[in-house]
Amino acid sequence: LKAATTTEVKNDTGDIELHGLTTSQTGTTVQVAKSGNITVSGKLETADLDASGTDTGDVTVQTDNGNITLTSTTDNNPAIDSSKAAIVHAYATDAEGATSGEGSVTINGDVTAATTANIGAKTGDVKLTGVATSATGTTLETLTNGDVTVEGKLVTTSNTGDVNVKATEGQVSLTKAASDTQNEVINSGHDAFITATDTIVDGTPADTDGNITIAGNITAANAVSASGQNGDMKAGTGTTQSIINAGTTLDLKTTGNGNIDVIGQLNTKSGDVTVKTETGAINLHDNGKADAPVINSGAAANVKSTTAGDITVSDNITAAEEVLLDTQKGNVKIGTQSTANTVSAGTTATVQSHEGDITVFGTVTSPSGTAVQTLDTGGNVEVTGLVATTGTGTSAGDVTVKATEGYVTLTENSGDNLVVNSTGAATIQATDSATGKDEYDGNITVKGDVKAANAVLVTTDNGNIAVGETNAARNITA
């Protein structure tokens with residue numbers, strides 16, 4: 001089908017099936033007004049057929065109640081090639097903006113739009129196997145209920161174009177194409193937003209609503225934000241790492257109940273990296289690359305569980321500004337007995353739990369202030385490695401190691417025997433106000449040297465202090 005102006009294939013009720021090329025200059029529309037499926041095997045196009053240089057038009061595919069299936073072919077591809085916008089909706093929108101309808105969208109092939117690409121379902125799933133590219137906005141979404149699945153890539157080419165992926169009462173799954181040499185699932189000229197919501201929590205393992213799975217790389221000129229509600233988030237999988245590069249900020253967040261697992265890298269040029277759960281564990285896995293920290297922030301790095309959740313770091317973290325690892329209720333673990341890791345901040349570094357233990361195998365360091373501590377109802381602090389500050393002059397910072405209602409154990413694992421090295425003061429403290437609760441609470445054991453440019457304070461209100469061991473004397477120097 002070919003027209004010098006518009007091409008329209010419409011009916012009220014019943015299916016529409018097209019094969020081959022359907023094209024026009026100023027608008028190509030395939031529409032079922034009330035109820036019916038739309039199936040296209042071939043290509044839907046708007047193009048400047050007479051080479052006037054002025055003709056543009058949208059490609060629109062829409063049904064009120066029914067499924068949409070678009071499949072490109074060898075002779076007719078991509079599935080949509082629009083000189084203006086590409087709109088694929090398995091729902092209707094009235095004059096007041098209200099939506100209605102039920103049905104899914106499946107696209108097997110690429111979608112190209114000169115302005116925006118909007119692919120959506122109200123109650124139903126959206127699946128794209130291919131590459132969707134637009135200049136000023138690429139959106140895949142479900143409005144009321146449904147999953148969004150991409151096996152390929154979502155792209156915007158201008159510095160004003162966002163990539164938006166949203167599953168309402170559903171899950172988002174983004175998987176790179178095997179043929180993509182950049183291993184990308186998103187490449188945005190501006191921001192990238194990924195959202196999955198789940199307000200109806202049934203508590204069963206089969207409830208995947210709210211989950212976000214990213215199996216591939218994401219690049220955005222500005223911000224990257226992934227937000228899940230009552231679901232787990234995975235950036236990277238066991239077989240495919242996810243390298244996320246943001247020009248400004250990078251946020252991975254779950255609200256309600258949801259864990260976050262990262263296998264890969266989280267990188268920003270000039271903004272904060274934030275990994276945050278409400279009730280859920282955070283696991284930053286080893287990416288197997290010695291020169292590529294799991295977090296490399298051009299500003300701050302914040303890893304937080306605000307209600308309850310363990311934080312496990314199995315790779316290095318680097319930030320140009322402060323680093324904060326903080327859980328309200330849970331344990332914090334950095335490194336393993338066999339593999340030491342480093343948390344390095346450009347200003348201050350804080351590793352803390354308000355109710356739980358802290359275990360560090362490796363180094364926590366910053367110029368202006370380093371704290372490894374349990375607070376409130378607290379827990380134990382065990383460090384096998386080094387807690388340090390490196391700043392000089394006015395930038396010199398203190399080192400604080402504190403266990404509230406717990407014990408402190410510091411063990412060196414380097415050739416210089418240091419467990420604390422401060423260019424300011426050093427404080428090692430343990431408290432125990434609940435007599436008889438745990439016989440080890442309040443104890444401080446130092447199996448390494450402590451060195452500070454200023455004062456050193458080692459203090460407990462109810463416990464024993466041991467510095468060194470038999471045949472292994474240790475020094476405290478201030």
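What share of the contacts in the protein chain with a separation of 6 or more comes from residues 24 or more positions apart? In this predicted model, such residues account for 52% of those contacts. The protein chain has 478 residues, and 51% of them are buried. Its C-alpha atoms fill a box of roughly 90 × 45 × 35 Å along the principal axes. The secondary structure consists of 51 strands and zero helices. About 18900 Å² of the protein chain is exposed, with carbon and sulfur atoms supplying 45% of that area.

A good place to begin a tour is the interior. In soluble globular proteins, nonpolar side chains tend to be buried together. Here, the largest nonpolar core has 97 residues. Leu-70, Leu-252, Ile-295, Ile-317 and Leu-325 are the members with the most contacts inside this core. The surroundings of Leu-325 can be followed in detail. Leaving aside residues up to four places away in sequence, Leu-325 touches Val-303, Ile-311, Val-313, Ile-317, Val-332, Ile-334, Thr-350, Val-351 and Gln-352. Ile-317, one of these neighbours, belongs to strand 35, which covers residues 317–319.

Strand 35 leads on to strand 38, residues 341–345. The two strands pair in the parallel sense over three bridges, and Thr-318 has Ser-344 of strand 38 as its bridge partner. Strand 38 is also joined to strand 40 (residues 358–366), again in parallel, by four bridges. In that pairing, Val-343 has Val-364 of strand 40 as its bridge partner. In a regular strand the side chains alternate between the two faces of the sheet. Strand 38 shows a covered face made of Asn-341, Val-343 and Ala-345, while Thr-342 and Ser-344 make up the uncovered face.

Charged side chains add another set of links, and seven salt bridges are found in the whole structure. One of them joins Lys-10 and Glu-8, with the closest N and O atoms 3.6 Å apart. Lys-10 counts as partly exposed because its relative accessibility is 47%, whereas Glu-8, at 51%, counts as exposed. A further salt bridge brings together the side chains of Arg-474 and Glu-412, at 3.6 Å from N to O. Arg-474 lies in the loop between strand 50 and strand 51, and Glu-412 in the loop between strand 44 and strand 45, so this pair ties together parts that are 62 residues apart in sequence. Glu-412 has a relative accessible area of 18% and is therefore buried.

Another salt bridge connects Glu-469 with Lys-447, whose closest N and O atoms are 3.9 Å apart. This pair links distant parts of the chain, as Glu-469 is in the loop between strand 50 and strand 51 and Lys-447 is in strand 47, 22 residues apart. Both partners are partly exposed: Glu-469 has a relative accessibility of 42%, and Lys-447 has a relative accessible area of 26%. Elsewhere, Lys-153, Asp-180 and Glu-184 are joined into one network by salt bridges that share partners.

The surface has a nonpolar feature as well. Ile-465, Val-467 and Ile-476 form a patch there, with about 220 Å² of accessible area together. Ile-476 is found in strand 51, residues 476–477. This residue counts as partly exposed because its relative accessibility is 39%.

How values were computed: Residues are numbered from 1 along each chain as its sequence is written. This is a predicted model: local features need pLDDT of at least 70, side-chain atom pairs count only at pLDDT 80 or more; totals for chains, interfaces and linings use all residues. Side-chain values use heavy atoms; hydrogens and water are left out. Patches are made of residues with over 30% relative accessible area and no salt bridge: like charges are joined within 9 Å, nonpolar side chains (Val, Leu, Ile, Met, Phe, Trp, Tyr) within 5 Å. Accessible areas come from the Shrake-Rupley method with a 1.4 Å probe; for residues, only the protein chains shown count as cover. A salt bridge is a side-chain nitrogen of Lys or Arg within 4 Å of a carboxyl oxygen of Asp or Glu. Buried means under 20% relative accessible area, exposed over 50%, partly exposed in between (1.4 Å probe, protein chains only). A nonpolar core is a set of buried Ala, Val, Leu, Ile, Met, Phe, Trp, Tyr and Cys residues joined through side-chain atoms within 4.5 Å. Contact means heavy atoms within 4.5 Å. Two strands pair if DSSP finds at least two bridges between them.
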